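Hi,

Here is the model I said I would pass on. Have a look at it first, and then read my notes below.

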Amino acid sequence: SPALHLAVAGIAIMLLDALWPMRSKLLSVWITLAALGCSLTTSLHRLTAGVDVTLFNGAVRMDGYAHAFSAIICLASTLAVLSAPKYLRLRGVHLAEYYALLLFSVCGMVLFAAAEELIMLFLALETLSIPVYCLVGFTRTNVYSTEASMKYFVIGAFATGFLVYGIALLYGAAGSGYLVDLRAGAARAPGLFYAGMTLLLVGFLFKIGAVPFNMWTPDAYEGAPTPVTTFMAEAVKAAPFGGMIKVLFVGFGFDAAVGLWQPALVVIAVLTMTVGNLTALVQTDVKRMMGYSSIAHSGYILVGILAASKLQSADALAAVLYYLFVYVLMNAGAFGILILFSHKDKDTNAVEDLTGLARERPWAAALMAVYMLSLTGLPPLAGFFGKFYIFSYAVKAGYVPLVIIAILNSVVSAYYYLKVIVAMYFRGPEDTGRAAVFHYEGYSVFLLAMLWFTAWGILYYGIHSEPQLALARLAASSLFATAP
Amino acid sequence: MSHLLPDILFYVFSALSVAGAVLVLVNRNPMTCAMSLVVSVLSLAILYLLLSAHFLAVAQMIVYAGAIVVLFIFVIMLLNLTDEELGRFRFSLFKTIGAFVAVATLLAVAPDIRVSIPAPAAGDAGAPAGYGSTKAVGKLLFGEFLLPFELTSILILSAMVAGVVLAKRELQPKKTHSLVDWLLGFFRT
Amino acid sequence: MNFFPVGQTHFLATSAFLFTLGVLTVVVRRNLIVILMGVELMLNAGNLAIVAFSRFSGHPAGHVYVLLIMTVAAAEVAVGLGILIALFRTRKTINADEATYLRW
């Protein structure tokens, strides 16, 4: 299964680096890409072939849903790996361990979306987050980086504590760890069940960075080295959604008695969107702004989940999967540009740094504009279609006020995305008084490949969203097959 | 009178573990915190014995009291921390939310425990033979829960790598002494 | 002291107390090592609750859960202390308050 490839590749890299340390580390990069590539293809192939196998007597279920998520996650991490080499070499921390840790984390994510049991879910979540704690603090000399990883760690550990206690209560109420018969717990011991459910939700919301629990996101995003931020913003945010959707749909089910979590999610979705967008407005630092915008995007995804849970329809969930896919593309591109111009000691984070980019590097500015416009959701680009699908289903599900708030938020988000574009195109160095110097130490072929792929993806999948949706619908239907 | 013994033991040790936890909270010197954590963890191990989870009790003693707290003490020594002045109790938003959450969870859980637990096992129905024994847990661990067990191997490996990468003084080995070069050395002469 | 037989509720009450104390330790204390201890307390409370449930509902799998959670806890402490040392090396203190470079 895909997870197996990743784990073996991770170990292989470690061994190889120990036995044959070479300066360029290119070999380990190629191995990582090979591993991610083949797990991507296997999961896509299995998704289309509709393979649905339950392994290890029920602990894990690699069905269409799990394959779809593992495909998205592998894509996201491939993009993150592509953006890493140049940046790390500049910082002198270009170690094979970076890729090994990244692969272990991806392996955790793939299993996380496939987990059918509470303890399996918990373990996969930990395998996912522990390498990321280390990756955030990878550039140890950089003061921000270690501090960001400390904050991320403390909040993550706190969330783990809640998760464990939530699992304990749910296990008690339901008497067995499997997701499918958690719902029986509601009848047996309602009090415990609801307490356990809330605790579990608190743990999940910490991980996806929903508002009341997102103190860590901006700091961790800004402090971490940019390729790690790319990885975090996409894969580490997409995976918990996979697990959360499975737990909510399969574990807690839809019937009214258990439909307690829907109103709670509505409130959290609204909060996440508004706070995410408003705080992003005041940002001057592009990386931190992207952190806040990713919070806002998880708000939109929450809306999608709500719509899918209310309608209980496969294609509503397909809209969520599609949105995740598009979100991954957009984010990877935007961070890629930041990496392109990051200098040895000073990352080009502030918006002012990008002023006058259009004159110096027209191509890069054009790419950045594509990403930013797609993030706001302008019609021709994929971002628009993602939001359009989710909002249409949300309206169908009757969450009209929620959709209005969401659209308002998109408009607000347009402001701070366009602020970047304005800085690039319409303002030259004369405004900021600083010569628009762009440290352009040559591009790494990986980075350029990633940038062009994401840009092409956004343009292409915007119009032809049909094939993607079909795949997503196939995946979503398999999840609903499990949720009785 | 004999059946009273387990109850007495229970009250004594659960009080001990809660006291240990409170001490961790209020102590200034991190070393005493670590010690009270040991007290709390060990009394938990004894509570496991009361719950006839023999294997877990021993595992708890070895893993928690033996390894984790020793790690704490090692780091406290390494960084030779001074007393932390608890005096100024700064009132920050984050703390109030946290305290509120903590109290809320306690309140949410407590009544439910009283009310909703159906009495599946009245009193202390004798645990089935070999309930908590190592054999039972071992059979389960390698039977039904094989994948989680394998996943822990990956988890621990990544934790080790993380620990080394973060804590090691200098990362790039100056002299690259690699096996492959050594092997190739034979042919170069 | 009414010595009614010690049922499941007693163990759960203790574990609830431990959990709350753990949460408070994490929130109130400033010294990062003590915060890590608070997390350990929370995990221990979870373990106790799982063992209590598994004993009284006769479901043996609970022990495996606790065993796995212990390994996770150990891994987490190892990484946490690793980060702590890295943090200490760049900045001479490990008080949570001083680590405030990244303000919004």
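Before the details, one cut-off: a residue is called buried when its relative accessible area is under 20%, and exposed when that value is over 50%. Keep in mind as well that this is a predicted model.

Let me start with Tyr389(A), which sits in helix H17 of chain A, the stretch covering residues 382-396. Its relative accessibility comes out at 15%, so Tyr389(A) counts as buried. I also looked at how far Tyr389(A) is from Val328(A): the two are 61 residues apart along the chain, and their C-alpha atoms are separated by 17 Å.

Next, helix H13 of chain A, where I picked out two residues. Val286(A) belongs to this helix, which spans residues 286-311. With a relative accessibility of 0%, Val286(A) is buried. Between Val286(A) and Val136(A) there are 18 Å in space, C-alpha to C-alpha, against a sequence separation of 150 residues. Met290(A) is also part of H13 in chain A, and its relative accessible area of 1% is why Met290(A) is classed as buried. From the C-alpha of Met290(A) to that of Leu375(A) it is 10 Å, with their positions 85 residues apart along the chain.

Now for the outside of chain A. Which residues form a nonpolar patch on the surface? They are Val395(A), Val400(A), Ile404(A) and Leu408(A), and together they have about 350 Å² of accessible area. Helix H18 of chain A (residues 400-425) supplies the largest share of that patch, 3 residues. Leu408(A) is placed in H18, and because its relative accessibility is 54%, Leu408(A) counts as exposed. If you colour the model by accessibility, compare Leu408(A), exposed at 54%, with Met290(A), buried at 1%.

On to the other chains. Chain B contains 7 helices and 0 strands, and along its sequence the pattern reads α-α-α-α-α-α-α. It has 189 residues, of which 41% count as buried. Chain C has 3 helices and 0 strands, giving the pattern α-α-α along the sequence. For the 104 residues of chain C, the buried portion is 74%.

One residue in chain B that I checked is Leu166(B), found in helix H6 of that chain. Is Leu166(B) buried or exposed? It is buried, since its relative accessible area is 1%. Leu166(B) and Ala19(B) are 147 residues apart along the chain, and 35 Å separates their C-alpha atoms.

That same helix brings me to a pairing across chains. Two packed helices are described by the angle between their axes and the distance between the axes. Here the pair is helix H6 of chain A (residues 118-136) and helix H6 of chain B (residues 146-167), whose axes come within 9 Å and cross at roughly 15 degrees. Angles under 35 degrees count as roughly parallel, so H6(A) is roughly parallel to H6(B). As for handedness, the crossing of H6(A) and H6(B) is left-handed.

If you only have a few minutes, I would open the H6(A) and H6(B) crossing and then the patch that includes Ile404(A) and Leu408(A). Send me your thoughts once you have had a look.

Cheers

Conventions
Residues numbered from 1 in each chain as written. Chains lettered and ligands numbered in written order. Predicted model: local features only at pLDDT ≥ 70, side-chain atom pairs only at ≥ 80, totals over all residues. Heavy atoms only, no water. Patch = residues over 30% accessible without salt bridge, like charges linked within 9 Å, V, L, I, M, F, W, Y side chains within 5 Å. Areas by Shrake-Rupley, 256 points an atom, 1.4 Å probe, with all protein chains shown as cover. Salt bridge = Lys/Arg side-chain N within 4 Å of Asp/Glu carboxyl O. Helix = DSSP H or I, 4+ residues; strand = E, 2+ residues; numbered from the N terminus. Buried < 20%, exposed > 50% of the residue type's maximum accessible area, 1.4 Å probe, protein only. Axes fitted to C-alpha atoms, helices over the stretch in contact; angles between N-to-C directions. Parallel < 35°, antiparallel > 145°, perpendicular 65-115°, else oblique. Left-handed = near helix turned anticlockwise from the far one by under 90°.
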